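Let us walk through a protein model step by step, beginning with an enclosed space and moving on to the place where two chains meet.

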Amino acid sequence: MLTYLFQRFGQALVTIAAMALLVFVGVYAIADPIDMLAAPDATADERAAIAARLGLDRPLPVQFATFAWNALHGDLGRSFVYNEPAVQVILQRLPATLELAFTALAIAVVVGLPLGLWAGLRPDSASGRAIMAGSILGFSLPNFWQGLMLVLVFAVTLGWLPAGGRGETVRVLGIETGLLTLDGLRHLVLPALNLALFKLAVVIRLARAGTREAMLQDFVRFARAKGLAPSRIVGVHVLKTILLPVITVIGLELGSMIAFAVVTETVFAWPGIGKLLIDSINRLDRPVVVAYLMLTVCLFIVINLVVDLIYAALDPRVRLSESEP
Amino acid sequence: MTASSLPAGPVAARPQPVWRRHVRAFLRDPLALLGLAVLVLAGGAALLAPFIAPQNPYDLATLDIMDAGMPPGSQSFSGMTYWLGTDAQGRDMLSAIIYGLRVSLVVSLSATLIAVSVGASLGILAAHAGGRVDALLMRLVDLQLSFPAILIALILLASFGRGVDKVVIALVAVQWAYYARAIRSAALVERRRDYMEAARALALPTRSLIFRHLLPNCLSPVIVVATMQVAHAIALEATLSFLGVGVPVTEPSLGLLIKNGYDYLLSGKYWISTFPGIALVTVIVAINLVGDRLRDVLNPRLAA
């Protein structure tokens, strides 16, 4: 167990270092930030002064070393636009994104699991087929288009829900949240639904496949022979077996939801980190872009690690010793 | 596939060619036929855009600002009918969609073709070379697949900036890993087959071993995946362009048209955004219908 942990930890560190290099080279080395910072009519001397101030006149490896050293101390540079540390700019907007992602995740599981179970129990019924057809659409249609349709139907045509923004928020324990106000919740419905649709299809498919497989197993036949009620067989025995893959995927999907929140936040003008990323790319606010990408990459690596460990804890069959197949 | 690489000889009863059986099986599904028809129509429209579009939407001389924001079916001053309305610059939406379709299809098709070639080469290389090369390449594939496609694409486009070529590069970077992994695992199975043994026993050059014998037999499962991946590529390109980091404004794809119209959606001018969206979704669904059927016909084992 300990060897495995160390191995995975080492891998994670190597990945982070590689990604740091990629992001740094990509964002800092390809384009010249001075073009954007200096006035168009700046003389060569003025440009050199700016370069010297930002450390851009030094060789690239030295620049990267400085960047990496500062990054290790939690300093990913200062935002050009907000004139605040980039990490702080991101952390301020993180609660909005997490609120959105967790709500969407909850919707995906609470709606997707029963639908998938149902489709798995009656794969040939009309309702089962309809659920699968819906999940294929959810799978293949672009997420931003689904969001657009939600806006068109519920905000523009019916006028039931607001089309964008986060609404009224209250401060709880120093964190702004919209979950506790009616206005905040009304604003949350459409974006959360949009983000959930993306994962709903995955949960439905997993639950359906798992249920179909589980229903053929001996333990289900045995439980039936024992005279257990069908609701108990499905609700306890089958549910337990299909939960494992669903948990894994949900864990992995949390990260991808935060990444995909970029799309939902742009559609619904949700003031989270995804919209911040797009705004920062458009405003050439490089420190924020780098900080966002680095934080998201780290988040992914942590999530992957945690999911692997949970998986191993839940399923003793998973071999912990890493051996090449 | 294997049949075609056998030496030609006198055959008693010529069996029905495999592809004809496939075509017939494919045509038996009405939904797949519909999908194919839509794709032929969309592809034809995109190919012939300059000839069939009522207007060249990017020739500013043909635009009339007086016609801006007209609802579908309106008549312009010059007597032309805007069947799908006009956008905020007075551009005919039907023409804009035909041209946008062209950009979307070119970007996604070329990205998928390049990704298949790159992925196939690296996958075959990994399977053939084995050892450290294999381990390194597959570690890279694992690493990349553990991140969502959109994040990888955003990292690349944040560094490169906008551009058609840059979107293609980003899409290739996102997709190659799937193909590399699929081809490698197919190649690992195929290279143990008897025909490979025979080819090796003939002391054929490595190049011929790989390209003449190994690669053709690994490609068929990938072709099906690639068909479906075109739909993903279209969707991802549209998403990136919608976010404003994809294709430049001078060459708008369907995604960018949707983004441009989105600002007017809230003021009730639904057509600027909705019609490109419908075009986008129709093409994606059509590709999926065709891809599904192709998979069932070509590779029954893969059918769920």
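In this predicted model, B:H128, B:R191, B:M196, B:R200, B:I210 and B:L214 form the lining of the second largest cavity. Two helices of chain B, α9 (194-201) and α10 (206-243), each contribute at least two residues to that lining. Sorted by class, the lining residues comprise three nonpolar, one polar and two charged, and the volume that they surround is about 40 Å³. Rolling a probe the size of a water molecule over the atoms shows where empty space is left. When the whole structure is searched in this way, three cavities of 30 Å³ or more are found.

From this cavity we can turn to the contact between the chains, to which chain A gives 42 residues and chain B gives 33 residues. The size of an interface is often given as the accessible area lost when the parts come together. For chain A and chain B this buried area is about 3,100 Å², with 82% of it on carbon and sulfur atoms. On the chain A side, the residues that lose the most area to chain B are A:F144, A:W145 and A:L148, which together account for 17% of what that side buries.

Which elements of chain A give two or more residues to the side that touches chain B? They are the helices α1 (2-29), α6 (126-140), α7 (143-157), α10 (230-268), α11 (273-282) and α12 (286-314). By class, this side of chain A consists of 31 nonpolar, nine polar and two charged residues. Across the interface there is one residue pair in polar contact, with both residues at pLDDT 80 or more, while the number of salt bridges found there is zero.

Side chains of opposite charge can pair when their charged atoms come close. Over all chains, the structure holds five salt bridges, and one of them joins A:D218 to A:R221, whose closest N and O atoms are 4.0 Å apart. Both A:D218 and A:R221 belong to helix α9 (residues 218-225) of chain A, where they are three residues apart, or about one turn of the helix.

Conventions:
Residues numbered from 1 in each chain as written. Chains lettered and ligands numbered in written order. Predicted model: local features only at pLDDT ≥ 70, side-chain atom pairs only at ≥ 80, totals over all residues. Heavy atoms only, no water. Contact = heavy atoms within 4.5 Å. Buried area = accessible area lost by both parts, 1.4 Å probe. Salt bridge = Lys/Arg side-chain N within 4 Å of Asp/Glu carboxyl O. Polar contact = N/O pair within 3.5 Å; in protein donor to acceptor, adjacent residues only side chain to side chain. Helix = DSSP H or I, 4+ residues; strand = E, 2+ residues; numbered from the N terminus. Nonpolar A, V, L, I, M, F, W, Y, C, P; charged D, E, K, R; others polar. 1 Å grid on protein atoms, 1.4 Å probe; cavity = no way out; pocket = protein on both sides within 12 Å on 5 of 7 lines; lining within 4 Å. Points joined across faces, edges and corners; volume = space filled by probe spheres on them.
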